[in-house]
Amino acid sequence: MKIELAENKVYFNDGLIKKEIHPFWLRERVDEEEFLDKGTQQRLFDPTTLDSQISINKVSINEKFLEVNFDDGVTSKLKIDKLALEFSNDDTVTKSIPKIKWNSTLENIKNFKYQDNFFDSKEMYDLLTSFYKYGFVIIKNIPTDNNFIVKFANSIGSVRRTNFGEYFDVISKTDPNDLAYTSLELSPHTDNPYRNPVPCIQILHCIESEVTGGLSTLVDGFTVTEDLKKQNPEFYKILSEVKVRFKFIDKDVVLEDWSELIKLNDDKTFKQVRFSPRLDYVPMLDKERLDLYYKARRKLSEMYNSEKYRIEFKLAPKDLMMMDNYRLLHGRTSYETKEGNRFLQGCYIDYDSTEGKLRHLKRKYNL
Ligand SMILES: [Fe+2]
């Protein structure tokens, strides 16, 4: 990528395309101290109040700087490296970590170990990178006293509180309001599909595990839906088009949200899966369309529940698992309460926490 000048105009040239940079795009980025607060990096002027039909009186390249004199009287030295970072419209941190597809054959994934000064360490950067690659990460040796899970979550970002509280105890209860609080098997699902927005990341911390069953299960919704797209494009299409209703009712609240089971970004890439077959209701569409929808949903469910895609493992006391609730499905095998206790604590955080921490650590360690 190169910046080129011609007749008081600025161009960028990436070898394939040469495009003029709008003079006002440059004017918005003047960063001398009267225009930009150095501490916060926030503007000290409001560009929406300026005339965008600005032109350049004089421009030159001086080593690493673009020196521009605008026709409103402002002169600025803009760092070319800093401008170049903005030529991509993508988030350059999290989007640059490619998702790795995985299924039941996944092995040798790195576990992390909690230690002093963990949250601002290079290890935390590696942990978050691994999280974005695989959609989950396991950290050993997390203290189990005083609801440490809340401290853990708040040291990465902020706990996402819900009507279940700041955190919740996953333990077999009498009169539960959700099957999670029984000892029954839980088939693969995503959490809270009825919330707007759905909590992005679930954290589960094992406090006690005295039972032989109760294994944790994970399925990569990204792998499954990418495979479905190849094998049954019609099924993939309808599941990514039809919005269904998810609902949760408790004595104090009625939560409801509508979404596709496979939600795509504007560019048709993977964004999110929601799957919780006890809670979803498809609207009344034409019979033929519903025929196709039900076949597609059944196929997707078979894939999610197939051994081919599932990994199973046992969380030991002090193990903490962080999983992407937009990408992975999770579940557990049943267990026998007579054998002893199985006690996990859970909470949610959102992507702003992990993304914010990752960008901070990248800046801190010059990565
Ligand atoms: Fe769950």
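Here's a walk through the iron site and the two main pockets of this predicted model.

Let's start with the metal. Three side chains hold the iron ion: H189 and H330 each through NE2, and D191 through OD, at 2.1 to 2.2 Å. Along the sequence, these donors follow the pattern H-x1-D-x138-H. That spacing brings distant parts of the chain together, since D191 sits in the loop between β10 (186-189) and β11 (201-209), while H330 belongs to strand β20 (residues 328-332), 139 residues away.

Are these donors buried or exposed? D191 has a relative accessible area of 11%, so it counts as buried, the cut-off being under 20%. H330 is buried too, at 8%.

Now look for the second largest pocket, with a volume of about 570 Å³. You'll meet two of the iron donors again here: among its 34 lining residues, D178, A180, L186, H189 and D191 lie nearest the centre. Strands β9 (168-170), β10, β11, β12 (216-220), β19 (320-324), β20 and β21 (342-349) each give two or more residues to this lining. By class, the lining splits into 17 nonpolar, 11 polar and 6 charged residues.

The largest pocket comes in at about 810 Å³. It has 29 lining residues, and K95, K99, N265, F270 and K271 are the closest to its centre. Helices α3 (122-134), α5 (221-231) and α8 (351-364), along with strand β16 (270-273), supply at least two lining residues each, and β16 gives the largest share with 3. Sorted by class, this lining has 13 charged, 10 nonpolar and 6 polar residues.

Conventions
Residues numbered from 1 in each chain as written. Predicted model: local features only at pLDDT ≥ 70, side-chain atom pairs only at ≥ 80, totals over all residues. Heavy atoms only, no water. Donors = N, O, S within 2.8 Å, 3.2 Å for Na, K, Ca; no water. Helix = DSSP H or I, 4+ residues; strand = E, 2+ residues; numbered from the N terminus. Buried < 20%, exposed > 50% of the residue type's maximum accessible area, 1.4 Å probe, protein only. 1 Å grid on protein atoms, 1.4 Å probe; cavity = no way out; pocket = protein on both sides within 12 Å on 5 of 7 lines; lining within 4 Å. Points joined across faces, edges and corners; volume = space filled by probe spheres on them. Nonpolar A, V, L, I, M, F, W, Y, C, P; charged D, E, K, R; others polar.
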